[in-house]
Structure formats: structure tokens, C-alpha cells
Amino acid sequence: MASANLKLSSKPCTHRFIPHLKRITHRTPTLIIHATTAKVPTIQLLDVAKQAADAGAAIVSANLDKPRNISYKGATDLVTDTDQASEDAILNVIRQSFPNHAILGEEGGISGDVTSDYLWCVDPLDGTTNFAHGYPSFSVCVAALRHSTPVAAVVIEFAGGPGAWVTKTYAAKRNGGATLNGKPISVTRTSDITKSLLITGFGYEHDECWSANLELFKHYTDISQGVRRLGSAAIDMCHVATGMAEAYWEFRLKPWDMAAGVLIVEEAGGTVTTMDGRAFSVFDRSVVVSNGAVHQELLKTMEPKVEKLLKQGIDLSPWFVPKGMMVHSGRQLE
Ligand code: IPD
Ligand code: CA
Ligand code: CA
């Protein structure tokens, strides 16, 4: 977008889904500079997100029964040629509709116009390790963000396993609810941790955050009905959105891991914050999503863990912010 079109705006943060959580602090409103990209109806963004996710899922489906071609990003962080092929297919669809929007893909990084009001976050295969082993679950995730806030999202889950693969499509549009295969979904109302099923995840880097989460895993395994660890952050969040579990949290996820799932949870009636109870941005390095009813209780244990990590000098500041992109603070949709 031409820099001549830059405009200044200053609006307070809003956070419609967590008014009951007194501990959650809002970030200080900031001056926001953004290019005046033509506004796209959210329904159109969702339609393109669906087409794009379907294109990625078609690639994944075609490769389910084929030998995997694996390479390594780190000792245990693997990637297959299906990750790249899926991302190529997804990006083709988005670019055909919105050639000037910015896109942040896990495999290809940032492309398009970073001064656009829109950023697409794409995880072409979330749960690559599971895919490599043929173990459900893994997924394809596409989210459209306006002013850094997810407004349309699709997650296609691969479930069932070898010989019985099925796909499930989760979708959400801001203020329009969340669906699974077209039917509305909602979070549970369980407010008691001892009656809750929880989910977490552990990244590839076995650092201080990973150790802190092992302690949380132990704590909540002790006091809840169990803590699951499936291996696809997007699916974990969708499972909270469908009411199969009460909450999910993880440290050090990337924007493409979280952007679609957090909107699906919010639109299913859930709550999303960082693990120290701040208003969430996809660039944050911790996330907790819940049915809302157990959120406060979870934060009581999580906040001190985050405080300790910060005191140790662990960097939990925003990351993977595309260079040149303005990050918006809190909810800033207009
Ligand atoms: C991973 C999955 C996993 C989470 C890791 C992510 P990837 O994504 O979401 O559940 O624990 O932190 O990196 O690498 O399979 O796309
Ligand atoms: Ca991922
Ligand atoms: Ca991935």
C-alpha cells in the first residue's frame, strides 16, 4: 500500500470476551499507524480461508499413504515435503484473491505488503511429527488478521488414523460464532478444575519454559481429570472450542500455530489470554485458552511461573513480528 495513504488513529483497547477477569490487564493503547487497505467483508475472508485450507488439506490427503520425505530444522523438529507443498497450495489461493495482503507462512516466512491492514497466518501442517508417524492428530490452519487481530479462521483436522482417515473442518468469523463441519460449537461451562480435562503442549526447544511447563503438567495432572498432549496446537484449541476439554496452554508457539485456533475458541464462547493474564496477541510467547469458567483458576498457578521466568531473564516479548508491520495493541478492528 502506498505510504501516502498512511493514517494515524488512536483508539482504546477493547476486549469483549473477558470482562469478568479482573486480573487480566489491558495493554496501554498506542498510536496506530496503518495503510488504508480496502476493507474486505469478513465473510469473504472466511470464504477464501476455507478455499485455501481445503487446497492445503487436499495436498495432505494425497500424501497420507505415501512414504514421508523428511528433513530436519532441529534435532527433533522435522519438516516434510508435504508441509511445503501444502503451504504453496494455500498461498496460491490467498494471493489470487488478495495479492496485496501480507502472508506469514511457517515455511516461507513473510510475503506480500507488510503495510497492509491484513495479515494471513498459515500453518500448512500443524503437528508435522504426528503426520510423519501417521499418528492423528495434525491439521491445516489458515487465519486472516485485520490490524493484527484474527477475524476469520479455518482449521482442518485429520483424525481417525491409518486406514480410517477423516477430516473435520472448524471455522470461525469474528462476531459470527464458531462451527465444526458447519454446525455451531461451544465451550463447556465446567468451572471446577477437578472436573476438567486439560491439554498442553511442549515445543521442540527444551528450555526453561519447557521445564516450567513440565511442572504445570505435573500439578494439573494431580488436580484435574487429566492433561492430554496431542501435538497439534490448533487442534488442541479446537478441542476446547468443541467442549471436549476445558483448557489448553503452551509456551513459545508461533503466530501460525495460534492465529486460527484462538479465534475459534473465542467465537465458541471461550477466553484467550497470555499465561500471565494479559490480553493476547498472536505474537505472544505464551497462550492459555479456556472455557472462561476455569480461566481465573488456571492463571493463579500460571502467573507466578511466568513471573519467575521473567525474573530469570527469559525473553517472553512478542516475536515473529514481520519487519515493517505495525503491531496493533489489544482489539483494534477498525
Ligand atoms: C507444533 C505443534 C505442537 C506444538 C509445537 C508446534 P508444527 O507445530 O503445534 O503441538 O507443541 O510447539 O511447533 O511444528 O508441527 O507445525
Ligand atoms: Ca505448528
Ligand atoms: Ca507446521
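At what angle do helix 4 and helix 7 pack, and how far apart are their axes? In this predicted model, helix 4 (residues 208-223) and helix 7 (residues 295-311) pack at about 160°, with axes 11 Å apart. Because angles over 145 degrees count as roughly antiparallel, helix 4 is roughly antiparallel to helix 7. Their crossing is right-handed. On the helix 4 side, the contact involves Glu208, Cys209, Ala212, Leu216 and His219. Helix 7 contributes Thr301, Met302, Lys305 and Leu309. By class, the residues of this contact are 5 nonpolar, 2 polar and 2 charged.

A second helix pair is formed by helix 1 (residues 42-62) and helix 2 (residues 81-97). Here the packing angle is about 155° and the axes are 8 Å apart. Helix 1 and helix 2 are therefore roughly antiparallel to each other. Helix 1 passes helix 2 in a right-handed crossing. From helix 1, the contact draws on Val48, Gln51, Ala52, Ala53, Ala55, Gly56, Ile59 and Val60. Helix 2 answers with Thr82, Ala85, Ser86, Ala89, Ile90, Asn92, Val93, Ile94 and Ser97. The contact of helix 1 with helix 2 holds 11 nonpolar and 6 polar residues, and no charged ones.

The model also contains an open sheet of 8 strands. Their order is 6-5-7-8-9-10-11-12, and the pairing is mixed. Strand 6 (109-111) and strand 12 (183-184) are the edge strands, each pairing on one side only. Within the sheet, strand 9 (residues 149-159) runs antiparallel to strand 10 (residues 166-173). The two are joined by 8 bridges. Ala152 stands opposite Lys173 of strand 10.

Two helices pack on this sheet. Helix 2 touches strand 5 (102-105), strand 7 (118-126) and strand 8 (138-146). The direction of helix 2 makes about 150° with that of strand 7. Helix 2 thus takes part in two packings: one with helix 1, the other with the sheet. Helix 6 touches strand 5, strand 7, strand 8, strand 9, strand 10 and strand 11 (178-180). The direction of helix 6 makes about 100° with that of strand 9.

A further open sheet has 5 strands, in the order 14-13-15-17-16. Its pairing is mixed. The edges are strand 14 (227-228) and strand 16 (271-273), each of which pairs on one side only. Strand 16 pairs with strand 17 (residues 286-290) in the antiparallel sense, over 3 bridges. Val272 has Val289 of strand 17 as its bridge partner. Helix 6 (residues 255-267) lies across strand 16 and strand 17. Helix 6 runs at about 30° to strand 17. Helix 6 therefore meets both sheets: strands 16 and 17 belong to the 5-strand sheet, under the 7 Å C-beta criterion for contact, and strands 5 and 7 to 11 to the 8-strand sheet.

Ligand 1 is surrounded by 14 residues. The closest are Asp126, Thr128, Gly201, Gly203 and Ala233. Strand 7 and helix 3 (128-133) each supply at least two residues of this shell. Strand 7 is also among the strands touched by helix 2 and by helix 6. By class, the shell around ligand 1 has 3 nonpolar, 7 polar and 4 charged residues.

Terms used
Residues are numbered from 1 along each chain as its sequence is written. Chains are lettered from A and ligands numbered from 1 in the order in which they are written. This is a predicted model: local features need pLDDT of at least 70, side-chain atom pairs count only at pLDDT 80 or more; totals for chains, interfaces and linings use all residues. Two strands pair if DSSP finds at least two bridges between them. Helices (H or I, at least four residues) and strands (E, at least two) are DSSP runs, numbered from the N terminus. Axes are lines fitted to C-alpha atoms, for helices over the stretch in contact, and angles run from 0 to 180 degrees between N-to-C directions. Angles under 35 degrees count as roughly parallel, over 145 as roughly antiparallel, 65 to 115 as roughly perpendicular and the rest as oblique. A crossing is left-handed if the near helix is turned anticlockwise from the far one by less than a right angle, and right-handed if clockwise. Ala, Val, Leu, Ile, Met, Phe, Trp, Tyr, Cys and Pro count as nonpolar, Asp, Glu, Lys and Arg as charged, and the others, Gly among them, as polar. A residue is near a molecule or strand if its C-beta atom, placed from the backbone, lies within 6 Å of it.
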